[in-house]
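I opened the model to look up how the protein meets the DNA. My notes follow in the order of looking.

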Number of protein chains: 2
Amino acid sequence: MISFEQFRMEDGVPIYLQILLYIKRGMVAGTVVDGDELPSRRMLSALLSVNPNTVQKAYRMLEEEGLIQSHLGAKSYAVVSGEKIAQIRTELLENDAQNVVRTLKQMGVTREEALALIVKYWE
Amino acid sequence: MISFEQFRMEDGVPIYLQILLYIKRGMVAGTVVDGDELPSRRMLSALLSVNPNTVQKAYRMLEEEGLIQSHLGAKSYAVVSGEKIAQIRTELLENDAQNVVRTLKQMGVTREEALALIVKYWE
DNA sequence: CTAACTGTATCATATCAGTAATACAGTTTT
DNA sequence: AAAACTGTATTACTGATATGATACAGTTAG
């Protein structure tokens, strides 16, 4: 069963996207493996205190990407392979890295300052 | 006159926020200095191909933060001081750094990998 | 002075995000 | 078989984002 222990709400980002990204990042990290059971829409919506429709939207998009599998009446499961993971990893890392580099540059931060910042906030 | 040459649209983030952040980051970088003239609402909306109301929303919020000054019929100007800049810099940097560190950690990326990524995408 | 610019305000409309309440169909558990 | 769970679908509502059209008041440039 995929755990949502580490999930923390972040405002400014749509909830369905946060759920979708949390699962994708778990796949990249290896904490979500092929065949893992997902919490039901109702269970997860209760756990996160959001509407079942919001969870359903995230799950539907994951299914359209072929990353989870659902059948009427039955539980849903993760469907991942090494190739898919490599692809998601690249996609997510490029997005994060490019965004942070662009915004830091916009603020006139130097490369060395940027590296120091990462170290500082890594704890 | 504040330049929007470097402005690039990013989807997923509200346009009024992108405009607001672009100006704030310019203040931190020193490319926007005290007394600088801002493009008029109509001019900027035409340049960015967005609605004048969207630009007005960004300008109104900047004014509420005391970072720009507007008078009916006259042009608008940046109003910044060293203290304000230091405050904005901290606010924006903390937000960016914390977010990127959190998402990279969620993906199981190590500190060294993270630093290598920054270097790679810095160009 | 007049025209052309400024900021500001108010409508109406469309889309997306999120909530809320139900309903129905299939599976699993007891 | 019945109860309790699953996924799926629909309808209605709110708020935020964004567009479009228009209007009015003050400032500046010709």
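Which polar backbone atom lies 2.7 Å from a phosphate oxygen of DNA strand D? I found that the atom belongs to Ile15(B). I counted a polar contact as a pair of N or O atoms within 3.5 Å; within protein, one must be able to donate a hydrogen and the other to accept it, and residues adjacent in sequence count only if both atoms are side-chain atoms.

I noted that this is a predicted model, in which local features need pLDDT of at least 70 and side-chain atom pairs count only at pLDDT 80 or more, while totals for chains, interfaces and linings use all residues. Residues are numbered from 1 along each chain as its sequence is written, chains are lettered from A and ligands numbered from 1 in the order in which they are written, and side-chain values use heavy atoms, with hydrogens and water left out.

**Strand D.** I listed 24 residues around DNA strand D, of which Arg41(A), Arg42(A), Ile15(B), Tyr16(B) and Lys57(B) come nearest. A residue is near a strand here if one of its heavy atoms lies within 4 Å of it. Of the atoms of DNA strand D within 4 Å of the protein, 61% are sugar and phosphate. I then checked the bases: a polar side-chain atom of Arg42(A) sits 2.7 Å from a base oxygen of DNA strand D, and one of Asn53(B) sits 2.8 Å from a base oxygen of this strand. Two or more residues each come from helix 2 (41-48) and helix 3 (52-64) of chain A, and from helix 1 (15-29) and helix 3 (52-64) of chain B. Helices are DSSP runs (H or I, at least four residues), numbered from the N terminus.

**Strand C.** I found 24 residues around DNA strand C, with Ile15(A), Tyr16(A), Lys57(A), Arg41(B) and Arg42(B) closest. Sugar or phosphate supplies 58% of the strand C atoms within 4 Å of the protein, and bases supply the rest. The side chain of Tyr16(A) places an N or O atom 2.7 Å from a phosphate oxygen of DNA strand C. Arg42(A) has a polar side-chain atom 3.4 Å from a base nitrogen of DNA strand C.

**The two copies.** I superposed chain B on chain A by least squares on the C-alpha atoms of residues with pLDDT of at least 70 in both. The fit takes a rotation of 179° with 0.0 Å of shift along its axis, at RMSD 0.1 Å. The copies are therefore related as by a two-fold rotation axis. In chain B, Leu115(B) has the C-alpha nearest the axis, 3.1 Å from it.
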